[in-house]
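Let's look at where the ligand of this model sits and what surrounds it. A short note on how space is found comes first, and then we can walk through the site together.

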Amino acid sequence: MTNTPSTSFTQGTEQQDQHRKEVRDMFDIVAPRYDIMNDVMSMGIHRLWKHSCVSMLAPQYGETVVDLAGGTGDLAAAFTKRGAKSIVCDPCVGMMSAGKQKKQPIQWVAAYGETLPFADNSIDALSIAFGLRNMSDPHTGLKEIHRVLKPQGRFLCLEFSEAAPWLKPLYDAYSLHVIPQLGAMIAGQKEAYQYLIQSIREFPNQQALASLMVECGFKNVGYRNLSFGIAAVHTGNK
Ligand SMILES: C[S@@+](CC[C@H](N)C(=O)[O-])C[C@H]1O[C@@H](n2cnc3c(N)ncnc32)[C@H](O)[C@@H]1O
C-alpha cells in the first residue's frame with residue numbers, strides 16, 4: 001500500500017477529490033479480507049452494534065432504505081429481511097463485489113456519499129456505518145443525505161466515537177498497537193488500519209457530530225453510546 005490517505009477533513013476541492021480516490025482505492029485493497037478483519041478486530045461486537053442499529057432505524061415493509069458506505073452489505077441485508085427495498089451505495093466496487101458474493105437481494109449503486117445519485121426527497125431512511133469518517137468532508141456528506149431523505153425521513157449514523165475516560169487508555173493501547181498488527185497479519189495492510197485508527201482519532205466526538213447534524217438541517221437529533229462510547233449511534237430526521 002503506497003498511498004495511505006490523509007485524514008484531514010478541511011481540504012480544497014482538488015485535495016478532496018484526491019482524498020476520495022485514495023480512500024476508495026484503499027478499501028478496494030482490503031475488500032477481500034474486510035469482513036473477517038471486522039470480526040477479529042471488534043471481537044464480533046460490530047455485529048451487536050449493527051443489530052441495535054437495525055432496531056433503531058426500524059425499516060418498514062416496502063420502504064426504500066439506503067445504506068450509504070454500505071461496503072459488503074451487512075446492514076442492507078438486515079433491512080431486506082425486514083421487508084425494505086435495500087440499496088447499498090458505496091464508491092468502492094471491490095467492497096460491493098465481496099458483498100455480492102453473499103447473494104442477498106440488495107441493489108448495489110457505485111457512488112460517493114458527497115454526490116448521491118438519488119433525487120431530492122426520495123428515500124425513506126438512510127444509514128451510514130463507519131462511513132462518514134471516510135468522506136472528504138462530513139459536512140457535505142450530511143447535507144447530501146439530508147437532501148435525498150423524504151420529509152421526516154430517518155437518518156442513522158453508526159461511527160467510532162470518544163470512549164469513556166476510564167476505558168480510553170486501554171482502548172488507545174489496543175487501537176494503536178494491536179489493530180495495525182492485526183491489519184498486517186490478516187489483511188496484509190498495516191497502513192490501511194493505521195489510517196483507520198488515525199481517522200477515528202480525528203473524527204468529531206459525540207456532541208460535535210450531533211451539532212454538525214443540527215447544522216446540516218436534521219431535527220430530533222440524539223445519540224446513544226455503544227460499548228462505553230467506543231462507538232455511538234446518532235439519529236435524526238429531515
Ligand atoms: C469501514 S467501511 C464500512 C462498511 C460497512 N458500512 C460496515 O459497517 O461494515 C467504510 C466504507 O466507506 C466507503 N467509502 C469510502 N469513501 C466514501 C465516500 N466518499 N462516500 C461513501 N462511502 C465511502 C468505503 O468504500 C467502505 O466500504
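A cavity here is a set of points, on a 1 Å grid over the protein atoms alone, where a 1.4 Å probe fits but cannot get out. Grid points are joined across faces, edges and corners, and a volume is the space filled by probe spheres set on the points. The model is predicted: local features need pLDDT of at least 70, side-chain atom pairs count only at pLDDT 80 or more, and totals for chains, interfaces and linings use all residues. Residues are numbered from 1 along each chain as its sequence is written, and side-chain values use heavy atoms, with hydrogens and water left out.

Searching the whole structure turns up one cavity of 30 Å³ or more. The largest cavity holds about 580 Å³ of space, and that space is the one taken by the ligand. Its lining (residues with an atom within 4 Å of a point) numbers 41 residues, with Phe27, Ala69, Phe130, Gly131 and Asn134 nearest the centre. Helix 1 gives the largest share of this lining, six residues. Among the other elements that each supply at least two lining residues are strand 1 (64–68) and helix 8 (190–202). Helices and strands are DSSP runs (H or I, at least four residues; E, at least two).

Now to the ligand itself. Its shell (residues with a heavy atom within 4 Å) has 19 residues, and Asp90 and Gly113 are among the closest. Helix 1 (13–30) and helix 2 (34–41) each provide at least two of the shell residues. Three polar contacts (pairs of N or O atoms within 3.5 Å) are listed here, each from a nitrogen atom of the ligand:

| Residue | Partner atom | Distance |
|---|---|---|
| Ala69 | polar backbone atom | 2.7 Å |
| Glu114 | side-chain N or O atom | 2.9 Å |
| Ala129 | polar backbone atom | 2.9 Å |

Taken alone, the ligand exposes 590 Å² (Shrake-Rupley method, 1.4 Å probe), and the protein buries 98% of that.

Conventions: A polar contact is a pair of N or O atoms within 3.5 Å; within protein, one must be able to donate a hydrogen and the other to accept it, and residues adjacent in sequence count only if both atoms are side-chain atoms. On a 1 Å grid over the protein atoms alone, a cavity is a set of points where a 1.4 Å probe fits but cannot get out, and a pocket is an open set with protein on both sides within 12 Å along at least five of seven lines; lining residues have an atom within 4 Å of a point. A molecule sits in a cavity or pocket if more than half of its atoms lie within 2 Å of its grid points.
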